[in-house]
Amino acid sequence: MTDTAPHSTALLTDHYELTMLQASLADGTAQRRSVFELFARRLPDGRRYGVVAGVNRLLDALERFRFDEQTIAFLADRGVVDQATRDWLADYRFTGDISGYADGEIFFPGSPVLVVESSFSEAVLLETVFLSTLNHDSAVASAASRMTWWAGGRPCIEMGSRRTHEEAAVASALAAYIAGFTATSNLEAARRFGIPSTGTAAHSFTLLHDRERDAFRSQVDALGKGTTLLVDTYDVAEAVRTAIELTGPELGAVRLDSGDLPSLAGQVRELLDSLGAAKTRIIVTSDLDEYQIAALAPAPVDGYGVGTSLVTGSGYPTCGFVYKLVAREDESGTLVPVAKKSPDKISIGGRKWALRRRTPAGVAELELIGVGEQPVDDGDDRLLLKQLVEAGKIVGRTTPEESQAFHQKVRDELPRSASQLSRGEPAIPTEYEGDYDARNPFHPRSHT
């Protein structure tokens, strides 16, 4: 995987992280051993599960998290931190350990998606870049997974680049691919991550020509009979007839981008079959989301192109991940749990481990989180945390293809109820075991 983003990611952060660093360096607490965890307190309303994406992009960002001369000069010019802090930043390298859920993994409320163990000074600086990466990419992947689940094996194409920031578009294409999309329209995502790309023509190409027939002939001459022709610029039935007249039964596909798609797809399928083009596929687009894809399940549709709803998380553009200090070294050198008690923003102190409890048949039934120690595998379970960084060295990268296959595998573990689009509880409950404050409102039973 290659990435051409700017070399340094050090300023993809919030000002207050550097002021905390300066204060902790001055008072001697900066080197205290600390554990930060990234997790979601709840799933977006109506979602039964979430999907992790962005881990490999996060590791790329960590590798480039360096305060070079230009960055240090900016901090000095703005007076963000003092000279002593700038001197420390100039030598910054993350030397700790990071474990977490892999790209494509399923998460639930409280899942320790990322566990960062290092000095306070090294870990606190990473909060914003880690959160911005995982909140965005996981929101897209969570929506994409619902779409591919309801597509039922029919291919889904990511085509949302024109509906979001140009770099978000590239990240969205990767997140969607992890969650089962087969291709993207975004060429930079194809170049950077090796994702298959695809594309044919828009309505403007048809409108450019004097006749629809001329546009179709031009496209077929350029791209071959296996191309996909857009047939709803004028009259759909007439366009389909014209397309088959020009190509015969070898036309690859027709695309529908407007109208009553379920009924229109049925009419087009009948027309194609009557013209001897039984193998010509029907692709639908038109602002699709998982609900429309589910409604199209009975229709003779062969594939979907999804844009706006996908790259915006289908109504939830963030996962609500937070990055919290859950344990730190005290004055005696002992690692002690710490937790936030603010109403509606409760966290559970202590370092976490997690496993997915499964039935003997391999169906997920519980997200079990151990506080202070690893939960015991009863024989059918699956450990969830993977080593991503060890003593500062990145060890946990995966390819997009590996992440996509992994997602399909772990999604297949979920109970069928996880696919429901109606409002409801998470597909499986989250429970905790170990040494923690059971009086805490963020208690296991609050997720059951």
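In this predicted model, helix α3 (residues 69-78) and helix α4 (residues 83-90) pack with their axes 10 Å apart, at an angle of about 165 degrees. Angles over 145 degrees count as roughly antiparallel, so that is the label for α3 and α4. Their crossing is right-handed. On the α3 side, the contact is made by I72, L75 and A76, and they meet R86, L89 and A90 of α4. Sorted by type, the residues of this contact come out as five nonpolar and one charged, with no polar ones.

Now for another helix pair, further along the chain. Helix α10 covers residues 212-223 and helix α11 covers residues 236-247; their axes come within 10 Å and cross at roughly 40 degrees. How do α10 and α11 lie relative to each other, given that angle? They are oblique, because 40 degrees is outside the ranges for roughly parallel (under 35), roughly perpendicular (65 to 115) and roughly antiparallel (over 145). Here too the crossing is right-handed. From α10, the residues in the contact are E212, R213, F216, R217 and V220, while α11 brings A239, T242, A243, E245, L246 and T247. This contact divides into five nonpolar, two polar and four charged residues.

Here are the two pairs side by side.

| Helix pair | Axis angle | Axis distance | Residue types in the contact |
|---|---|---|---|
| α3 and α4 | about 165 degrees | 10 Å | five nonpolar, no polar, one charged |
| α10 and α11 | roughly 40 degrees | within 10 Å | five nonpolar, two polar, four charged |

Zooming out, how is the protein split into domains? The domain assignment gives domain 1 as 15-124 + 320-433, and domain 2 as 141-315. Their C-alpha centres lie 37 Å apart. Where the two touch, 24 residues of domain 1 and 23 residues of domain 2 take part.

UniProt has its own annotations, both from an unreviewed entry. It lists "domain: Nicotinate phosphoribosyltransferase N-terminal" at residues 11-135. In the model, that span is 43% helix and 18% strand, and its end C-alpha atoms lie 18 Å apart. UniProt also places "domain: Nicotinate/nicotinamide phosphoribosyltransferase" at residues 156-325. Over residues 156-325, the chain is 44% helix and 15% strand, with 39 Å between the end C-alpha atoms.

Terms used:
Residues numbered from 1 in each chain as written. Predicted model: local features only at pLDDT ≥ 70, side-chain atom pairs only at ≥ 80, totals over all residues. Heavy atoms only, no water. Axes fitted to C-alpha atoms, helices over the stretch in contact; angles between N-to-C directions. Left-handed = near helix turned anticlockwise from the far one by under 90°. Contact = heavy atoms within 4.5 Å. Nonpolar A, V, L, I, M, F, W, Y, C, P; charged D, E, K, R; others polar. UniProt positions renumbered as here; feature names shortened; annotations may be inferred. Domains from an automatic or database assignment.
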